[in-house]
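This report goes through one predicted model. The text takes up the contact between the protein chains, then the DNA strands, then chain A and a few single residues.

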Number of protein chains: 2
Amino acid sequence: MGVFAAQGDPRRTMALLWRVPTDEPVRPGPRQSLTVNAIVDAAIAIADTAGMAGLSMRAVGERLGRTAMALYTYVADKSELLDLMYDHVHGELVADAQPNWRDGVTAWAEELFEFYLRHPWAAQVSMARPVLGPHELNLVERLLRALEPAGLRGPVVRGVVSGLTYFVQGAAAFMNDARHAARETGQSDEDWWYARSAELTTVAPDFADRYPLLTRLESDKEFDESLPYMENEARQSFTTGLRTMLDGVAAQVKAA
Amino acid sequence: MGVFAAQGDPRRTMALLWRVPTDEPVRPGPRQSLTVNAIVDAAIAIADTAGMAGLSMRAVGERLGRTAMALYTYVADKSELLDLMYDHVHGELVADAQPNWRDGVTAWAEELFEFYLRHPWAAQVSMARPVLGPHELNLVERLLRALEPAGLRGPVVRGVVSGLTYFVQGAAAFMNDARHAARETGQSDEDWWYARSAELTTVAPDFADRYPLLTRLESDKEFDESLPYMENEARQSFTTGLRTMLDGVAAQVKAA
DNA sequence: GACTATCTCCTTATGGCGTAAAGTGACCGG
DNA sequence: CCGGTCACTTTACGCCATAAGGAGATAGTC
């Protein structure tokens, strides 16, 4: 399951997301020494390098020279912070429509894929309760703009949008997981695979008989030796998978 | 990022996964009062109802009338337990090839989708370090068997396999997240959406101008009133998304 | 039948998490 | 200068996985 955002009081969170000026009356008491922005930036920096698992209120506070509890004057809770982080990074995405829908959608997908590699944690935020911030909405709007020239009907568009999103997110998550596992365990994809496959042959000597197609598929791989095993796999799958999906869209275009 | 399995000592885990009899010599000390199977079953029951977040060693132990630490004589750690759970539930999957590749692949995808709805936690296990148990491998082998009549080349097959997997997993995860959020917060999709969209219009009064395509797409939905909002969305997206992907595969078939 | 090695399972402890509750001191309007 | 209000801290609670060590059961050996 994805990590959840969009859980708290919608009024508060929405005002922060859309930067609605909430001109509070001047009050007694000490001035604030932080800003929501600084907190969001710090949290993003931590999540980018340490992953979602490394993102804790304590860590964010420490990076800013404060305690975890100090953050709660700026942000309702961790999930609201995540909302803000999520929408903020989506501001990086800018790819827009092309005359040819296929070029536009390809650019959209590739940009999003690279984005998820830069911000692995963003690929883990659930889409079931979208954040509804300006930048997240922009991402969808731009995909719709790219698809526009294809002239698909509403239900098909929805299927294509979610299909593409799942695909890009899944492919990026695969790659991120592979990298994370390699880093975390200190075991490269190759080392891991070597140890496991050796064990496989002793534990299932009839492997080639039980899984003939898997065996064959595994044997005719072409490797780019300069990349880790799984990166290679993920990149190639992304490219050919995306091409196949776009062929499917093209078929729907002709059908319309 | 996915939750990781396949992290520990491959020899131990593989032996358990493939049920290799490890006839240990008779030893002194008290007899074991549990079995690995009982632990795996208990853990699956917990994860099915309480989700990955509710799956804790304490909870599994408690369900069996033991402490958390008692489990460690049967299982190396939580990730090994997850390996065993993951492969065990995959034994439920049986759909196999059809004369027509399209029927076979459709059946495969639909069965897997329903499977992930039964076992939401299974959709969160990372594929970057596959468990390599017999049932998980069977799942892939059966998809390859279903695709066989299409006669695609290796690299294309790999793209299609991962594309389909990401798609099914993403669609199911979306649905699971929506259900989980509704249950967890006590707020139905409709309530949630109502509160958020009301806030959206006050915070972004120019919404329809900034996001014209999104606005239009949202307005021409057809609802099945008997289903929750997101379920409806997810089911429809799954159906039309799958059709589009298969059209893409069909295009590759013709190209070959 | 007693002894000892070895195993299962328990209790306890460590260091993490989000965040509730309560305390400390700074700042403002009057 | 005082009283109210706020920013931020400390402490505490109940979770988590699991390391460490202790209690008691069971087997083989004498």
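How many salt bridges does the rule find across the interface of chain B and chain A? There are four salt bridges across that interface. One of them joins the side chains of Glu148(A) and Arg216(B), with 3.8 Å from N to O. Counting residue pairs in polar contact, with both residues at pLDDT 80 or more, gives 20 between chain B and chain A.

On the side of chain B that touches chain A, seven helices are listed as supplying at least two residues each: α1 (10–17), α6 (134–147), α7 (154–185), α8 (189–203), α9 (207–210), α10 (212–219) and α11 (229–255). The most comes from α7(B), which gives 19 residues to that side. Sorted by class, the residues on the side of chain B that touches chain A are 43 nonpolar, 22 polar and 17 charged.

The size of an interface is often given as the accessible area lost when the parts come together. Between chain B and chain A the buried area is about 7,400 Å². Carbon and sulfur atoms give 64% of that area. In terms of residues, chain B brings 82 to the contact and chain A brings 81.

**The DNA strands**

There are 25 residues around DNA strand C, and those that come nearest are Arg58(A), Tyr72(A), Pro30(B), Ser33(B) and Thr67(B). Of the atoms of DNA strand C that come within 4 Å of the protein, 64% belong to sugar and phosphate. The surface near DNA strand C is made up of 12 nonpolar, seven polar and six charged residues.

Around DNA strand D there are 28 residues, with Pro30(A), Ser33(A), Thr67(A), Tyr74(A) and Tyr72(B) coming nearest. Sugar and phosphate again make up 64% of the atoms of DNA strand D that come within 4 Å of the protein. Here the surface near the strand has 12 nonpolar, seven polar and nine charged residues.

The table gives distances from polar side-chain atoms to DNA atoms.

| Residue | DNA atom | Distance |
|---|---|---|
| Lys78(A) | phosphate oxygen, DNA strand C | 3.0 Å |
| Gln32(B) | phosphate oxygen, DNA strand C | 2.8 Å |
| Tyr74(B) | phosphate oxygen, DNA strand C | 2.9 Å |
| Ser56(B) | phosphate oxygen, DNA strand D | 3.0 Å |
| Arg58(B) | base nitrogen, DNA strand D | 2.9 Å |
| Lys78(B) | phosphate oxygen, DNA strand D | 3.1 Å |

For Arg58(B), the partner atom on DNA strand D is a base nitrogen. For Lys78(B), the partner atom on DNA strand D is a phosphate oxygen.

**Chain A**

Chain A has 11 helices and zero strands. Its C-alpha trace spans about 75 × 50 × 30 Å along the principal axes. Of the 256 residues in chain A, 53% are buried. Among contacts in chain A with a separation of 6 or more, 75% are between residues 24 or more positions apart.

**Single residues**

Gln252(A) sits in helix α11 of chain A, which covers residues 229–255. Is Gln252(A) buried or exposed? Its relative accessible area is 10%, under the 20% cut-off, so Gln252(A) counts as buried. Neighbours within four places in sequence aside, Gln252(A) is in contact with Leu152(A) and Val156(A), and across in chain B with Arg243(B), Thr244(B) and Asp247(B).

Trp193(B) belongs to helix α8 of chain B. With a relative accessible area of 25%, Trp193(B) is partly exposed, because that class lies between 20% and 50%. Apart from neighbours within four places in sequence, the contacts of Trp193(B) are Leu132(A), Glu218(B) and Tyr229(B). From Trp193(B) to Met230(B) the C-alpha distance is 9.9 Å, at a sequence separation of 37 residues.

Gly91(A) lies in the loop of chain A between α4 (78–89) and α5 (101–118). The relative accessibility of Gly91(A) is 36%, and the residue is therefore classed as partly exposed. The C-alpha atoms of Gly91(A) and Pro134(A) are 8.5 Å apart, while the two residues are 43 apart in sequence.

Technical notes:
Residues numbered from 1 in each chain as written. Chains lettered and ligands numbered in written order. Predicted model: local features only at pLDDT ≥ 70, side-chain atom pairs only at ≥ 80, totals over all residues. Heavy atoms only, no water. Contact = heavy atoms within 4.5 Å. Buried area = accessible area lost by both parts, 1.4 Å probe. Polar contact = N/O pair within 3.5 Å; in protein donor to acceptor, adjacent residues only side chain to side chain. Helix = DSSP H or I, 4+ residues; strand = E, 2+ residues; numbered from the N terminus. Nonpolar A, V, L, I, M, F, W, Y, C, P; charged D, E, K, R; others polar. Near = heavy atom within 4 Å. Buried < 20%, exposed > 50% of the residue type's maximum accessible area, 1.4 Å probe, protein only.
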